[in-house]
Amino acid sequence: MAQGYLRAMPHSSPDSSVVFLTGASSGIGAATAKLLVANGHRVFATARRLDRLETLANEANASGPGQMMVRALDVMDVEAQKAAVAECMTEFGRIDVVIPNAGLGIFSNMEEADLEDWFTMVDVNIKGVLATLHVTLPHLIASQGLVINIGSVASRNVFPFSGVYCATKHAVLALGEAIRQDLRTKVASTTICPGAVNTDFIEQTKDSELLDQYRPNFKKGMRPEFIAEQALLAIQNRGKGIVSDITLRPDFL
Ligand code: NJP
C-alpha cells in the first residue's frame with residue numbers, strides 16, 4: 001500500500017510512469033517495485049530469480065492501482081536486456097524512468113581476493129548498468145525521461161575490504177553525472193547513494209570473518225522501503241526540479 005504522504009494515483013492517469021527496473025527480486029529493487037505499483041506506476045521488473053519476481057508481481061498486481069510485469073534476465077546478457085525493453089515497449093508503449101538497480105558487493109582482503117569476484121562486480125555493477133542504460137536511452141530521450149541510478153556511500157568514499165566495490169560505485173555516480181551533463185535537455189538524472197541497507201546484499205561476501213564483522217551493521221541498516229521512497233519522490237518531483245544526487249545514511253551512524 002502507498003505509505004503516508006506518498007499519494008496514490010490511478011493506473012492510467014497521465015501521472016502514471018512506466019518504469020524499467022533491474023534487480024527487482026529482492027531488497028531495494030523489490031521494495032521499489034512494490035511502492036511504485038502502489039502509487040499507480042507501471043513497472044517492468046527484471047532479475048534472474050523469476051519465482052521471486054512472480055510472487056512479487058502477483059502481490060503487487062492484486063493491490064494495484066499500478067501494474068507490474070516481470071522478465072527473468074541477467075543484466076550481463078545484453079540481448080536479453082534488449083528483448084526485455086522491446087517487451088516493455090509492446091506492453092506499455094513507453095519508458096519514462098529507468099532504475100538500473102541490480103548490483104552486488106563481494107568484500108574481501110585485497111591480498112586474498114578472487115579475481116573472478118572482482119570481475120563479477122565490474123560486470124554487474126558497471127557493464128550491467130551500462131547495458132541497461134544503452135538499451136533504454138533512446139526511449140528515455142523520446143519520453144524526456146529520468147534515470148535513477150543506485151550508487152552508494154561507496155560512490156565517494158573508499159572503505160576497507162571493499163575497494164573494487166567502491167570503484168564500481170564511483171563509476172555509477174560518474175555515469176549519473178555524465179547523463180546530467182551530456183543529456184541535460186533530454187533526460188534527467190538522479191543518483192541515490194545509500195549507506196547500509198538491511199537487505200541480502202552482505203550475504204554475497206564469502207569471507208566468513210568479514211561477514212561476521214559486517215552483518216550486524218547491515219542488519220541495523222536502513223529499511224529498503226526508505227530507499228524506494230526516494231525513487232518515488234524523484235518521479236513525483238518531475239516538473240518541479242531534480243535532486244541530482246542524494247546520500248542516505250542510517251540513523252545509528
Ligand atoms: O541487494 P540484494 P540490495 N543480473 O542482494 C540482482 C546497492 N546498495 O537490494 O538476479 C540481474 O537484496 C538480484 O537479483 P537476482 C547495491 O550495490 C546496497 O541491497 O534474482 N540481476 C537482486 O534483485 C545494488 O546496486 C546497499 O539474484 C542481478 C539485486 O540485484 C542495489 O543497492 C548499500 C544480477 C540485489 O539485491 C541493490 O542491492 C549501498 C545479475 N547478474 C548500495 N546480480 C546495502 N544493501 O547496504 C544481482 O550503498 N542481481
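A polar contact, as used in these legends, is a pair of N or O atoms within 3.5 Å; within protein, one atom must be able to donate a hydrogen and the other to accept it, and residues adjacent in sequence count only if both atoms are side-chain atoms. The structure is a predicted model, in which local features need pLDDT of at least 70 and side-chain atom pairs count only at pLDDT 80 or more, while totals for chains, interfaces and linings use all residues. Residues are numbered from 1 along each chain as its sequence is written, and side-chain values use heavy atoms, with hydrogens and water left out.

**View 1. Ser16 and its polar partners.** Let us start with Ser16, in the segment before strand E1 (18-21). Helices (H or I, at least four residues) and strands (E, at least two) are DSSP runs, numbered from the N terminus. The side chain of Ser16 makes a 2.8 Å contact with the backbone oxygen of Gly40. A polar contact of 3.3 Å also links this side chain to that of Arg42. Ser16 counts as buried because its relative accessible area is 5%; buried means under 20%, exposed over 50%, and partly exposed in between (1.4 Å probe, protein chains only). Look for Gly66 as well: 50 residues separate Ser16 and Gly66 along the chain, yet their C-alpha atoms are 7.8 Å apart.

**View 2. The ligand in its pocket.** Here the ligand sits in the largest pocket. A pocket is found on a 1 Å grid over the protein atoms alone, as an open set of points where a 1.4 Å probe fits, with protein on both sides within 12 Å along at least five of seven lines; lining residues have an atom within 4 Å of a point. A molecule sits in a pocket if more than half of its atoms lie within 2 Å of the pocket's grid points. Around the ligand there are 30 residues, of which Ser25, Arg48, Ser152, Pro194 and Thr199 come nearest; a residue is near a molecule if one of its heavy atoms lies within 4 Å of it. The shell is made up of 15 nonpolar, 10 polar and five charged residues. In this count Ala, Val, Leu, Ile, Met, Phe, Trp, Tyr, Cys and Pro are nonpolar, Asp, Glu, Lys and Arg are charged, and the others, Gly among them, are polar. Helix H1 (27-38) and helix H5 (163-182) each contribute at least two residues to the shell.

**View 3. Oxygen atoms of the ligand and their protein partners.** Three residues are worth picking out in this close-up. A polar backbone atom of Gly23 is 3.0 Å from an oxygen atom of the ligand. For Ser26, an N or O atom of the side chain lies 2.8 Å from a ligand oxygen. Arg49 places a polar side-chain atom 2.8 Å from an oxygen atom of the ligand. The ligand taken alone exposes 880 Å², and the protein buries 96% of that; accessible areas come from the Shrake-Rupley method with a 1.4 Å probe, and for residues only the protein chains shown count as cover.

**View 4. Thr199 and Thr136.** Thr199 lies in the loop between strand E6 (188-194) and helix H6 (208-219). A polar atom of the Thr199 side chain is 3.0 Å from the backbone nitrogen of Phe201. With a relative accessible area of 16%, Thr199 is buried. Thr136 belongs to helix H4, and its side chain reaches the backbone oxygen of Thr132 at 2.7 Å. Thr136 is also buried, at 0% relative accessible area.

**View 5. Backbone geometry in three loops.** Most residues other than glycine have a negative phi, and most peptide bonds are trans. Gly64 and Pro65 are joined by a cis peptide bond, with omega about 0 degrees. Pro65 is in the loop between helix H2 (50-63) and strand E3 (67-72). Gln144, which is not a glycine, has a positive phi near 50 degrees and lies in the loop between helix H4 (115-143) and strand E5 (146-150). Phe161 is likewise not a glycine and has a positive phi of about 60 degrees; you will find Phe161 in the loop between E5 and H5. Gln144 is partly exposed at 49% relative accessible area, and Phe161 is partly exposed at 35%.
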